[in-house]
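Trainee: I have a new structure open and would like to learn how to read it. Could you walk me through it?

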Amino acid sequence: MSILVTLAVRFMSLSLLAVGGVVTVVPEIHRLAVDVHQWVTDARFTQLFVIAQAAPGPNMLLVTLVGWHAAGLPGALVATAAMCAPSCTLSYFVARAWDRFRGARWRRAVEAGLAPITVGLVLATGWLVARGAQDSGWAASGITAVVAGLVVFTRVHPLWLFAAAGTLGLLGVV
Amino acid sequence: MTPPPAGAVRPPTVAELYRGFFHAGARGFGGVLPWARRMLVDERRWLTAAEFTDLFSLCNFLPGPNTINMTIIVGARFQGPRGSLAALAGILTLPVVAVLALALLHDRFGQLPGIDAFLRGLGAAAGGLVLATGLRMAVPLGRTPRVLAFLLVTFAAIALRRWPLVPVLLALAPASVLVAWLRRA
């Protein structure tokens, strides 16, 4: 199977599994890109995640970068389109029906049932991204923990924390 | 979808949809959503605040990239399929070019001393930010046994055991929805 077909099939199926957004399928993208197909290393994956976050735009850009690593510019475009197409088609048709089911019991059960799974997947993403930066030991874990704590308990803007963490990296702390 | 309320500004054209979402995408550092809201509700007044909140809960429910789904729904509402495609193209154009340019720069200059170390620092912080986001999302769910059990099992299966997503979701999602359904009976 050519790489482009693999990319298309993999990301089209991920598109419909991303309950709660792309951040929930980052662990699966990690598994496919690092473990199964070996398009990128563990450390490179975390770098790509950071680059995707640093660029403006939707957080699905990680998919664009993984596609680019696997198969160059065609890979980037195929992966991006594949990640969008199925969920966009579904959105187009579901949006018309959604309002009719406001307050319906099944709709509330679906929302309540998916919520903890979504949160579990988001936490798994944070775990894997942090792990990719941990080669150098406890200092990086400390940064992860301090950033998580500050974001949960204060209103400090994340960009300041990123600047500080990058500087600590430059200084050779991590 | 309901039509725009009387008194709203006239519906945007296909070209205006492209331009509006192009700007939201271009400004969206750290996520497009806040910028999309600003553009849709505050600046161009294509949606009211309440309409935006409804749209947001729908986009959270739908699978796939949330803000991408939002472009599809807003575009469709005003201009049908052509509106959807215009809004989608608008929000993706600049970010895709920008992220590829960043990756190329990193390929070219990534060997310079300091770049890798800088990105390692950022990566550790990014992991912390995502963990914090998850913790904040967990708070309003409450600490019922159902919520905690499904949250922790999902985390352990994906992050610690590194199991594939498909079987994990196929096993956990229907079970969690079923328990939520029975609890509310």
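Trainee: Let me start with a single residue: is B:Ala157 buried or exposed?

Mentor: Before we begin, keep in mind that this is a predicted model. To judge burial, count the other C-beta atoms within 10 Å; 20 or more make a residue buried. B:Ala157 has 22 of them, so B:Ala157 is buried.

Trainee: Where is B:Ala157 found, and which residues does B:Ala157 touch, not counting residues up to four places away in sequence?

Mentor: B:Ala157 is part of helix α6 of chain B. With residues up to four places away in sequence left out, B:Ala157 touches B:Trp163 and B:Val168. You can also compare positions in sequence and space: B:Trp181 is 24 residues from B:Ala157 in sequence, and their C-alpha atoms are 24 Å apart.

Trainee: Let's turn to chain A. How many helices and strands does chain A have?

Mentor: Chain A has seven helices and zero strands, giving the pattern α-α-α-α-α-α-α along the sequence. Its C-alpha atoms fill a box of roughly 55 × 45 × 25 Å along the principal axes. Of the 174 residues in chain A, 55% are buried.

Trainee: Can burial be read for a helix too? How many residues of α2(A) are buried?

Mentor: Yes, by going through its residues in turn. In α2(A), which spans residues 26-36, eight of the 11 residues are buried, so this helix is largely enclosed by the rest of the structure. Among the buried ones are A:Val26, A:Pro27, A:Glu28 and A:His30.

Trainee: What do the buried residues of α2(A) pack against?

Mentor: They pack against α1, α3, α4 and α5 of chain A, together with α6 and α7 of chain B. Just after α2(A), look for A:Gln38, which takes a positive phi of about 55 degrees.

Trainee: Now the two chains together. How many residues does each chain give to the contact?

Mentor: Chain B gives 80 residues and chain A gives 88. On the side of chain B that touches chain A, α5(B) makes the largest share, with 22 residues. That side of chain B divides into 54 nonpolar, 21 polar and five charged residues.

Trainee: How should I describe two helices that pack together?

Mentor: Two packed helices are described by the angle between their axes and the distance between the axes. Here, α4(A) and α4(B) pack at about 165 degrees, with axes 11 Å apart. An angle over 145 degrees counts as roughly antiparallel, and α4(A) and α4(B) are therefore roughly antiparallel to each other. Their crossing is right-handed.

Trainee: Which residues meet where α4(A) and α4(B) come together?

Mentor: From α4(A) they include A:Leu65, A:Trp68 and A:Tyr92, and from α4(B) they include B:Ile72, B:Val99 and B:Ala103. The residues of this contact divide into 18 nonpolar, six polar and no charged.

Trainee: At what angle do α5(A) and α6(B) cross?

Mentor: Their axes cross at roughly 35 degrees and come within 8 Å, again in a right-handed crossing. The residues that meet include A:Trp127 of α5(A) and B:Phe155 of α6(B). By class, this contact has 15 nonpolar, two polar and no charged residues.

Trainee: Last one: which residues have the most contacts inside the largest nonpolar core?

Mentor: That core has 115 residues, and those with the most contacts inside it are A:Leu62, A:Leu65, A:Val66 and B:Ala125. Try A:Leu65 on your screen: leaving out residues up to four places away in sequence, A:Leu65 touches A:Leu48, A:Ile51, A:Ala52, B:Val99 and B:Ala103.

Definitions and conventions:
Residues numbered from 1 in each chain as written. Chains lettered and ligands numbered in written order. Predicted model: local features only at pLDDT ≥ 70, side-chain atom pairs only at ≥ 80, totals over all residues. Contact = placed C-beta atoms within 7 Å. Helix = DSSP H or I, 4+ residues; strand = E, 2+ residues; numbered from the N terminus. Nonpolar A, V, L, I, M, F, W, Y, C, P; charged D, E, K, R; others polar. Axes fitted to C-alpha atoms, helices over the stretch in contact; angles between N-to-C directions. Parallel < 35°, antiparallel > 145°, perpendicular 65-115°, else oblique. Left-handed = near helix turned anticlockwise from the far one by under 90°. Core = buried A, V, L, I, M, F, W, Y, C linked by C-beta atoms within 7 Å. Buried ≥ 20, exposed ≤ 12 C-beta atoms within 10 Å, placed from the backbone.
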